[in-house]
Amino acid sequence: MEPFIGDPDLVGTLAPALQHVTVACLLLGSASGTPEQLAALQGTRLDMLLERMLDTTVRAVVYERSGTVPDEILAGGAERVRHACERSLIPFVLLDADPSDHGHWPLLAAAAVQRALLDRAPAPGAPG
């Protein structure tokens, strides 16, 4: 497994990183920027990324629904992920772990990836 750090502001630059990916982890819960930039990142840019991603080898999504980004923005992003994944019949897991908890976050994130791999289809309103 190799990480890829890309620029979600430039969705097209992320496409090459999605080749041969099974689980995409969208760890945007502690993104930084203005309120407008964060809303766009978790809104229209997330929509574009999901549209592009779900037409690749990606077969599951983990979305970070906790962090320093305002809760209402993260909740909107989680709803976009739920909608896109259910429409495409792609499993998803909403990661609610506190990213500042460096002792537990990696374990909980790994467990979220494992759950995403084991799921066959998303359950309506799948919990994190």
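**Figure 1. Who lines the largest pocket of this predicted model**. The lining residues of the largest pocket divide into 25 nonpolar, four polar and two charged. In total, 31 residues line this pocket, and P3, F4, V23, A24 and C25 lie nearest its centre. The space inside the largest pocket comes to about 990 Å³. Which element gives the largest share of the lining? Helix α4 does, with six residues. At least two lining residues of the largest pocket come from each of β1 (23-26), α2 and α4 (105-118).

**Figure 2. The largest cavity and the residues around it**. Let us now turn to enclosed space. By the rule used here, there is one cavity of 30 Å³ or more. The largest cavity holds about 40 Å³ of space. Its lining consists of P8, V11, L14, L28, L41, R45, L46 and L49. Sorted by type, the lining residues of the largest cavity are seven nonpolar, no polar and one charged. Helix α2 (residues 44-53) gives the most to this lining, namely three residues.

**Figure 3. S66, a buried serine in a loop**. Here the view moves to the loop between β2 (60-64) and α3 (71-88), which is where S66 sits. Is S66 buried or exposed? S66 counts as buried because its relative accessibility is 18%, and the cut-off for buried is under 20%. Which residues touch S66, once neighbours within four places in sequence are left aside? The contacts of S66 are with G29, L74, L95, D96, A97, D98 and P99. One of these partners, L95, belongs to strand β3 (92-95), while another, L74, falls within helix α3 (71-88).

**Figure 4. H20, with a positive phi ahead of β1**. Most residues other than glycine have a negative phi. H20 has a positive value, near 65°, and is not a glycine. Where along the chain should you look for H20? You will find H20 in the segment before β1. The relative accessible area of H20 is 73%, so H20 is exposed.

**Figure 5. L89, with a positive phi between α3 and β3**. L89 is not a glycine either, yet its phi is positive, at about 55°. This leucine lies in the loop that runs between α3 and β3 (92-95). Is L89 buried or exposed? With a relative accessibility of 64%, L89 counts as exposed, because the cut-off for exposed is over 50%.

**Figure 6. Stepping back to the chain that holds these sites**. The chain contains four helices and three strands, and from the N terminus on its elements run β-α-α-β-α-β-α. Along the principal axes, the C-alpha atoms fill a box of roughly 35 × 35 × 30 Å. The radius of gyration of the chain is 13 Å, which agrees with a compact globule because such a globule of 128 residues would have a value near 14 Å. Of the 128 residues in the chain, 38% are buried. The chain exposes about 7400 Å², and carbon and sulfur atoms supply 58% of this area. How much of the contact set with a separation of 6 or more joins residues 24 or more positions apart? Such pairs account for 74% of those contacts.

Definitions and conventions. Residues are numbered from 1 along each chain as its sequence is written. This is a predicted model: local features need pLDDT of at least 70, side-chain atom pairs count only at pLDDT 80 or more; totals for chains, interfaces and linings use all residues. Side-chain values use heavy atoms; hydrogens and water are left out. On a 1 Å grid over the protein atoms alone, a cavity is a set of points where a 1.4 Å probe fits but cannot get out, and a pocket is an open set with protein on both sides within 12 Å along at least five of seven lines; lining residues have an atom within 4 Å of a point. Grid points are joined across faces, edges and corners, and a volume is the space filled by probe spheres set on the points. Ala, Val, Leu, Ile, Met, Phe, Trp, Tyr, Cys and Pro count as nonpolar, Asp, Glu, Lys and Arg as charged, and the others, Gly among them, as polar. Buried means under 20% relative accessible area, exposed over 50%, partly exposed in between (1.4 Å probe, protein chains only). Contact means heavy atoms within 4.5 Å. The radius of gyration is taken over C-alpha atoms; the globule rule is 2.2 Å times the number of residues to the power 0.38. Accessible areas come from the Shrake-Rupley method with a 1.4 Å probe; for residues, only the protein chains shown count as cover.
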